[in-house]
Amino acid sequence: MTKILIADDEEMIRTVIAEYAKFEGYDCAEAVDGMEAVQKATANDYDLIIMDVMMPKLDGFSAVKEIRKKKDTPVIMLSARVEEYDKLFGFEMGVDDYVTKPFSPKEVMARIGAILKRGKVNKGKIVSDGLVIDKAGRNVYVDGTKADMTPKEYELLFYLSDNAGIAVSREKLLSEVWGYDFYGDDRTVDTHIKMLRSSLGKYRDKIVTLRGLGYKLEL
């Protein structure tokens, strides 16, 4: 059974999410603060973690940072803060998704389902100049040095490499990489493309911007 950890200091939010999650067939555990979230997440194998940003003892971002030292469990952040900086900070830490409060429990379930349904392992290795994209090993090398990338950057690059030379719209990337409609928030794609280009270093120009459409990977 799929196991989910719900970390939020508000009991009502934990209860609502847990009710919907259990209805979907998920096994739920709860944490009331960041410290408890870290303890449970590192001691158990969860398929996904829902983490509130503002919590006592240890905030959500710090909790994710600690969890990432031992586990690569997908994380959905919850927050009442809507600033783009907060979302970018979360994505750079490797957070898979970011949901702002107030939210619809059905929307959260859709996002959980999308993340859990992803995870197919792409086979093969692509070599272009000094750029090596190892899908099977889930690694990317730039001139022999392993690139330090977030899980979402890997997925975005792998999808672009599967469609190398083909123009891919932002809407298509949102659908295929994130697994659901981001309600037209193209900035999510643009932000991750910027992060991905930074990770690729001197090979950043292999990702070509197509004005008014999206992006294309040229190998």
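A residue is called exposed when its relative accessible area is over 50%, and buried when that value is under 20%. Keep those two cut-offs in mind as you click through this model, which is predicted.

**Stop 1: two loop residues with a positive phi**

Select K57, in the loop between β3 and α3. Is K57 buried or exposed? Its relative accessibility is 70%, so K57 counts as exposed. Look at the backbone here as well: phi of K57 is near 70°, a positive value in a residue other than glycine.

Now move to D129, which sits in the loop between β6 and β7. Phi of D129 is near 55°, again a positive value in a residue that is not glycine. With 64% relative accessibility, D129 counts as exposed because that value is over 50%.

**Stop 2: the sheet around that loop**

Stay here and colour the strands β6, β7, β8 and β9. These 4 strands form an open sheet in the order β6-β7-β8-β9, and the pairing is antiparallel. The edge strands are β6 (125-128) and β9 (145-146), each of which pairs on one side only. Strands of a sheet pair through backbone hydrogen bonds, either parallel or antiparallel.

Zoom in on β6 and β7 (residues 131-134), which are paired in the antiparallel sense over 4 bridges. To see one pair of facing residues, select K125 and then D134 in β7, which stands opposite.

**Stop 3: a covered strand**

Next, select strand β3 (residues 48-52). How many of its 5 residues are buried? The count is 5 of 5. In a regular strand the side chains alternate between the two faces of the sheet. Try it on β3: L48, I50 and D52 lie on one side, I49 and M51 on the other, and all are buried.

Now look at the neighbours of β3. Strand β1 (residues 3-7) runs parallel to β3, joined by 4 bridges. On the β4 side (residues 75-79), the pairing with β3 is also in the parallel sense, over 4 bridges. I50 is a handy landmark: I6 stands opposite I50, and in β4 the bridge partner of I50 is I76.

**Stop 4: strand β5 and the loop after it**

Select D97, in strand β5 (residues 97-100). D97 counts as buried because its relative accessibility is 1%, under the 20% cut-off. Show the side chains of D97 and R111, and you will find a polar contact of 3.1 Å joining them.

Then step along to P102, in the loop between β5 and α5 (105-117). What kind of peptide bond joins K101 and P102? The bond is cis, with omega about -5°.

**Stop 5: the second largest pocket**

Turn on a surface and look for the second largest pocket, which holds about 370 Å³ of space. Of the 20 residues lining this pocket, the closest to its centre are E92, M93, T150, E153 and M195. The elements giving two or more residues to the lining are α3 (60-68), α4 (84-92), α6 (151-162) and α8 (187-200). Which element gives the largest share? The answer is α8, with 6 residues. By type, the lining residues divide into 6 nonpolar, 5 polar and 9 charged.

**Stop 6: the helices α6 and α8**

Two of the helices in that lining deserve their own selection. Begin with α6, which has 12 residues and reaches 17 Å from its first C-alpha to its last, close to the 16 Å expected at 1.5 Å a residue. In α6, 11 of the 12 residues are buried, so this helix is largely enclosed by the rest of the structure. Among the buried ones are P151, E153, Y154 and F158.

Now select α8. The end C-alpha atoms of its 14 residues are 20 Å apart, which agrees with the 20 Å span expected at 1.5 Å a residue. α8 is mostly covered, with 10 of its 14 residues buried, including T188, H192, M195 and L196. An α-helix has 3.6 residues a turn, so residues three or four places apart point the same way.

Pick out V189 in helix α8. V189 is buried, with a relative accessible area of 0%. The C-alpha atoms of V189 and W178 are separated by 9.5 Å, and these two residues are 11 residues apart along the chain.

Finish just after α8 with G201, which takes a positive phi of about 60°.

Methods
Residues are numbered from 1 along each chain as its sequence is written. This is a predicted model: local features need pLDDT of at least 70, side-chain atom pairs count only at pLDDT 80 or more; totals for chains, interfaces and linings use all residues. Side-chain values use heavy atoms; hydrogens and water are left out. Buried means under 20% relative accessible area, exposed over 50%, partly exposed in between (1.4 Å probe, protein chains only). A polar contact is a pair of N or O atoms within 3.5 Å; within protein, one must be able to donate a hydrogen and the other to accept it, and residues adjacent in sequence count only if both atoms are side-chain atoms. On a 1 Å grid over the protein atoms alone, a cavity is a set of points where a 1.4 Å probe fits but cannot get out, and a pocket is an open set with protein on both sides within 12 Å along at least five of seven lines; lining residues have an atom within 4 Å of a point. Grid points are joined across faces, edges and corners, and a volume is the space filled by probe spheres set on the points. Ala, Val, Leu, Ile, Met, Phe, Trp, Tyr, Cys and Pro count as nonpolar, Asp, Glu, Lys and Arg as charged, and the others, Gly among them, as polar. The expected span of a helix is 1.5 Å times one less than its number of residues. Two strands pair if DSSP finds at least two bridges between them.
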